[in-house]
Amino acid sequence: MRKRNMWKTMALGTAMVAMLAGVQTVSAKETGAKPAETDDESIINVTELFLELPEDMVNVPDSMTIDKEGNLILTVPNFADTSVPGCVLKIDQDKNITKWFDVPVNEATGRANPMGVAFDDEWNMYLVDNQPWTGEELTMNQGRLLKITFDENGELATCTEIATGMEHPNGIRVRDGYVYMTMSSLTPIEAEDGSGHLVSGVYKFPCDAEGIQVTNTLEDENLLQTFITDNPDCQYGLDGIEFDQEGNLLVGDFGDGEVEKISFNEDGSVKEVTSYAKDPENLRTTDGMFMDEDGSLYIADFSANAVARVTPDGKVTRIAASPDSDGLDGELDQPGEPIVWNGKLILSCFDNVTDDSKVNTAHDMPATMAMMDLPE
C-alpha cells in the first residue's frame with residue numbers, strides 16, 4: 001500500500017518518546033563503542049574534523065545553510081543541556097565561529113530549540129523551533145515556525161511566528177513564496193489497515209503568513225501530504241527535506257530509510273508521490289539531506305553513523321561510516337545533516353540519541369562537525 005492520505009485520528013501516546021530515550025553523558029569510549037555498520041573498510045573514518053564547537057554555546061548542533069556572504073550558518077537546539085540558549089551561529093571562511101543571535105523563546109516554555117533553517121530570495125530566515133523534542137510535558141505541541149528579518153547591520157530585527165502549536169516540526173525548505181516543512185509525527189493517526197503505525201507529514205505555509213494555529217490532524221489546511229512509517233522497529237517519520245533540480249520535493253521517511261518524491265501540478269497541489277531512493281544495505285535512516293549542483297543527494301544516516309549518496313540515476317551508495325566515537329578525531333558522531341560548502345561535504349554531529357538501534361552510545365562533549373571530500 002502506498003503511503004497516502006488514508007488515515008483517521010485516534011488517541012494514542014506520542015510516538016517520538018521512544019526516539020528520545022536513553023541519552024547519556026559519559027564518553028562512548030568508556031562504554032564499549034559499537035563498530036561501524038559496514039563491511040567496506042575503505043569508507044570507515046574517511047571523514048576528518050571540521051570543527052570543535054565552543055562548549056559554552058553548543059552541546060547539540062543541527063541544521064545548516066549558507067548566507068548571502070558565503071558564511072556557513074548552523075542552528076543549535078542544545079537538547080542535551082537546555083539551560084544553554086538555542087542559538088544560530090556563523091562560521092566564516094577561516095572557520096571562525098561567532099554567535100549570530102539567540103533565538104527568541106516561546107513565551108509558554110521560556111525556550112527555543114532551532115532545527116531546520118532556510119533563507120528566502122530576500123535573505124529573510126525561516127527557522128523550525130522544535131520544542132517537543134525535549135519530551136517535557138510543558139513543551140508538547142509547542143513547536144513553532146519562525147520568520148526572522150534583519151536590519152541593515154545584519155542584526156535580528158523581527159521575529160514572526162508563522163505557525164504555532166506543532167507536535168514535532170523538523171526540516172524546512174523555501175521555494176516560490178512558500179515554506180515546506182516536515183512534521184516527524186502528527187497527533188497519532190491510525191492507518192486504515194489497522195497497523196497503528198506512525199503518520200507524519202509535509203506542511204506548506206505562505207512565507208508572509210502569521211499566527212497559523214496547527215492542529216496536528218488531517219484537518220490542517222496547510223498539511224500538504226501525509227505518510228505512514230511502516231518499520232515497526234523505528235516509528236519515526238519524515239525528517240530530511242530537499243528540492244531536486246526539477247522542482248520536485250524530496251522527503252526522507254526516517255524509520256523506513258526511504259526518500260519519497262512529491263511532484264506537483266501547475267497550481268502547486270500534489271500530483272504524484274513516488275519512491276525516489278531505498279536501499280536498506282546502504283541507507284538505514286534518513287535525517288538531513290542536501291542536493292548538490294550535479295544532482296547528487298547526500299543523506300545523513302543518523303542511526304547507522306554514516307552518510308549516503310544518491311546519484312541522479314537513483315543508485316544509493318554509503319560513502320562514509322564510523323564506529324561509535326566522540327568525534328574528536330574527525331569521525332562521524334551521529335550525523336544530523338550534510339551540506340556542500342567550499343567544495344567539501346560538511347556534516348553536523350547531532351550526538352544526542354542513544355538506543356539499541358543506534359551506533360551512537362553516548363552524548364560527548366565538546367560537540368563536533370566533520371568534513372570529507374566529495375566523491376568522484
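These questions and answers go through a predicted model, from its overall make-up to its pockets, sheets and backbone details.

Me: How many strands does the protein chain have?
Reply: The predicted chain has 376 residues. Its secondary structure includes one helix. The strand count is 27.

Me: What share of the residues in the protein chain counts as buried?
Reply: Buried means under 20% relative accessible area. That cut-off is applied to the 376 residues of the chain. The share that counts as buried is 59%.

Me: What part of the contacts with a separation of 6 or more comes from residues 24 or more positions apart?
Reply: The count takes in contacts in the protein chain with a separation of 6 or more. Residues 24 or more positions apart account for 58%.

Me: Which residues lie closest to the centre of the largest pocket?
Reply: This pocket holds about 480 Å³ of space. Its lining has 23 residues. Closest to the centre are T65, F119, R173, V174 and E242.

Me: Which elements give two or more residues to the lining of the largest pocket?
Reply: The elements in question are strands, taken here in chain order. They are β3 (64-66), β7 (114-119), β11 (169-175), β17 (238-243), β21 (289-291) and β25 (335-341).

Me: How many residues in the lining of the largest pocket are charged?
Reply: The lining contains 12 nonpolar residues. Two more are polar. The charged residues number nine.

Me: Which residues lie closest to the centre of the second largest pocket?
Reply: The second largest pocket has about 240 Å³ of space. Its lining divides into four nonpolar, three polar and seven charged residues. Of the 14 lining residues, the closest to the centre are K68, W100, W123, F150 and G154.

Me: Which strands stand at the edges of the open sheet β17-β18-β19-β20?
Reply: This sheet has four strands with antiparallel pairing. Its neighbouring strands are turned by 25° against each other on average, direction ignored. An edge strand here pairs on one side only. The edge strands are β17 and β20 (270-278).

Me: Which residue in β18 is the bridge partner of F243?
Reply: β17 pairs with β18 (residues 249-253) in the antiparallel sense. Four bridges make up that pairing. In β18, the partner of F243 is L249.

Me: Why is one side of β11 and of β16 left without a neighbour in the sheet?
Reply: The open sheet runs β11-β12-β14-β16, with antiparallel pairing. Its neighbouring strands are turned by 20° against each other on average, direction ignored. β11 and β16 (223-228) have one free side each because they stand at the edges, each with a single partner strand.

Me: Which residue in β16 stands opposite G201?
Reply: Strand β14 covers residues 199-206. Five bridges join β14 to β16, and the two run antiparallel. Opposite G201 stands T226.

Me: What is the omega of the cis peptide bond between M365 and P366?
Reply: P366 sits in the loop between β26 (344-349) and β27 (368-373). The bond that joins M365 and P366 is cis. Omega is about 0°.

Me: Is D351 buried or exposed?
Reply: D351 is placed in the loop between β26 and β27. Its phi is positive, about 45°, although D351 is not a glycine. The relative accessible area is 4%. With the cut-off for buried at under 20%, D351 is buried.

Me: What is the relative accessible area of N45?
Reply: N45 lies in the loop between α1 (17-20) and β2 (48-52). N45 has a positive phi of about 55° and is not a glycine. N45 is partly exposed, at 36%.

Me: How many residues of β27 are buried?
Reply: β27 is joined to β2 by four bridges, running antiparallel. Five bridges join β26 to β27, again antiparallel. β27 is mostly covered. Of its six residues, the number buried is five.

Me: Which residue in β27 is the bridge partner of E52, and which is that of K344?
Reply: E52 takes part in the pairing of β2 with β27. K344 does so in the pairing of β26 with β27. For E52 the partner is T368, and for K344 the partner is D373.

Definitions and conventions:
Residues are numbered from 1 along each chain as its sequence is written. This is a predicted model: local features need pLDDT of at least 70, side-chain atom pairs count only at pLDDT 80 or more; totals for chains, interfaces and linings use all residues. Side-chain values use heavy atoms; hydrogens and water are left out. On a 1 Å grid over the protein atoms alone, a cavity is a set of points where a 1.4 Å probe fits but cannot get out, and a pocket is an open set with protein on both sides within 12 Å along at least five of seven lines; lining residues have an atom within 4 Å of a point. Grid points are joined across faces, edges and corners, and a volume is the space filled by probe spheres set on the points. Ala, Val, Leu, Ile, Met, Phe, Trp, Tyr, Cys and Pro count as nonpolar, Asp, Glu, Lys and Arg as charged, and the others, Gly among them, as polar. Two strands pair if DSSP finds at least two bridges between them. Axes are lines fitted to C-alpha atoms, for helices over the stretch in contact, and angles run from 0 to 180 degrees between N-to-C directions. Buried means under 20% relative accessible area, exposed over 50%, partly exposed in between (1.4 Å probe, protein chains only). Contact means heavy atoms within 4.5 Å.
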